[in-house]
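Welcome, and please open your viewer. We will make a few selections together and look at what sits around each one.

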Amino acid sequence: MKDLVIIGAGPAGLAAAIYGVRAGLDLLVIEKFSPGGQVMNTYEVENYPGFVEPVPGWELVSAMENQARRLGADIQSVEMSSLAKNAHDNCFDITCAGGDVIRARSVIAATGASLIKLGVPGESEFTGRGVSYCATCDAAFFRDKITTVVGGGDTALEEAVYLAKFASKVYLVHRRDQFRGMKVLQDRARACEKIIPVYDSVITSINGAGKVESVSVLNKKSGETRDLGVDGVFIFIGYRPNTAYLSADMLNEYGEVKVDMRMKTSMEGLFAAGDMRQNSIRQIVAAAADGATAALGAYDYITGLS
């Protein structure tokens with residue numbers, strides 16, 4: 001029986017592990033993939049306090065992982081299949097994909113969010129053959145080629161600027177008449193001669209024979225459709241919280257977990273932190289703060305059980 005099980009090893013989960021271990025909790029962190037979460041796909045982070053110069057996303061989260069392990073956190077690669085509270089002894093049963101069950105007095109859910117897909121013809125067919133969700137991972141394959149970035153938020157703007165270091169041209173397709181990312185990111189995108197904004201538009205299909213050759217773009221105001229010849233499509237239109245394993249009555253209309261200021265959910269002993277919880281600003285520093293708050297909340301909860 002663990003005092004605490006943390007599900008997810010992104011910034012929220014790792015911060016929770018650091019604070020939980022230091023509070024003396026016997027805890028376990030489980031992560032389906034490798035630790036890091038979405039930050040692993042971020043080229044550079046320049047708004048995390050304490051770093052004068054931008055730091056690569058993988059380097060920042062790797063430092064978090066190493067810090068948690070140094071303090072004694074047990075981080076294991078485990079795929080969870082279900083989470084339930086056992087009314088008999090007021091503890092949690094975490095069932096793993098292989099059938100094993102991990103028991104815990106408290107749980108912090110920090111499973112983050114997943115990238116939303118466009119859902120247009122050609123997207124799934126060309127994933128890995130011109131369609132990508134990570135410029136940091138795949139930009140080098142498009143050196144001196146024409147690409148498209150879809151989206152207008154922080155991530156789309158950051159990735160478009162990064163992609164422009166390699167591509168000869170980057171169409172930045174956004175469904176509104178102005179970008180919604182931070183002003184500093186908008187300024188960078190507009191200042192880059194390789195980036196061509198395509199406002200009020202959506203991609204209706206991704207076309208090609210064996211690989212991406214063009215995208216069909218619909219202008220929502222004029223109703224006109226045109227094809228843009230491109231070699232790659234990078235999609236950054238938002239995130240969907242990874243909360244399918246939680247009861248619907250714990251979620252809001254967007255599928256985010258409802259929590260209070262201490263990251264408590266409606267289920268006693270269950271906390272939620274990071275991008276999966278309601279009103280998250282989806283920033284690394286905020287996720288880390290959520291994790292710390294949740295860990296201290298778990299400590300108070302466990303202390304109250306004795």
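Start by selecting residues 11-22, helix α1 (helices are DSSP runs of H or I with at least four residues, strands are E runs of at least two, numbered from the N terminus). This helix has 12 residues and reaches 17 Å from its first C-alpha to its last, close to the 16 Å expected at 1.5 Å a residue (1.5 Å times one less than the number of residues). A word on what you are viewing: this is a predicted model, where local features need pLDDT of at least 70 and side-chain atom pairs pLDDT 80 or more, while totals for chains, interfaces and linings use all residues. Residues are numbered from 1 along each chain as its sequence is written, and side-chain values use heavy atoms, without hydrogens or water.

Now show the surroundings of α1. Because 10 of its 12 residues are buried, α1 is largely enclosed by the rest of the structure (buried means under 20% relative accessible area with a 1.4 Å probe, protein chains only). Those buried residues pack against several elements, including β1 (2-7), α2 (57-71) and α6 (284-305), with contact meaning heavy atoms within 4.5 Å. After α1, click Gly-24, whose phi is positive, near 90°.

Next, select Glu-123, in the loop between β7 (113-115) and β8 (131-132). What does its side chain join through a polar contact? The partner is the side chain of Tyr-133, at 2.6 Å (a polar contact is a pair of N or O atoms within 3.5 Å, one able to donate a hydrogen and the other to accept it; residues adjacent in sequence count only if both atoms are side-chain atoms). Among the other residues in contact with Glu-123 are Ile-206 and Ile-235.

Methods: Buried < 20%, exposed > 50% of the residue type's maximum accessible area, 1.4 Å probe, protein only. Lists of a residue's contacts leave out its neighbours within four places in sequence.
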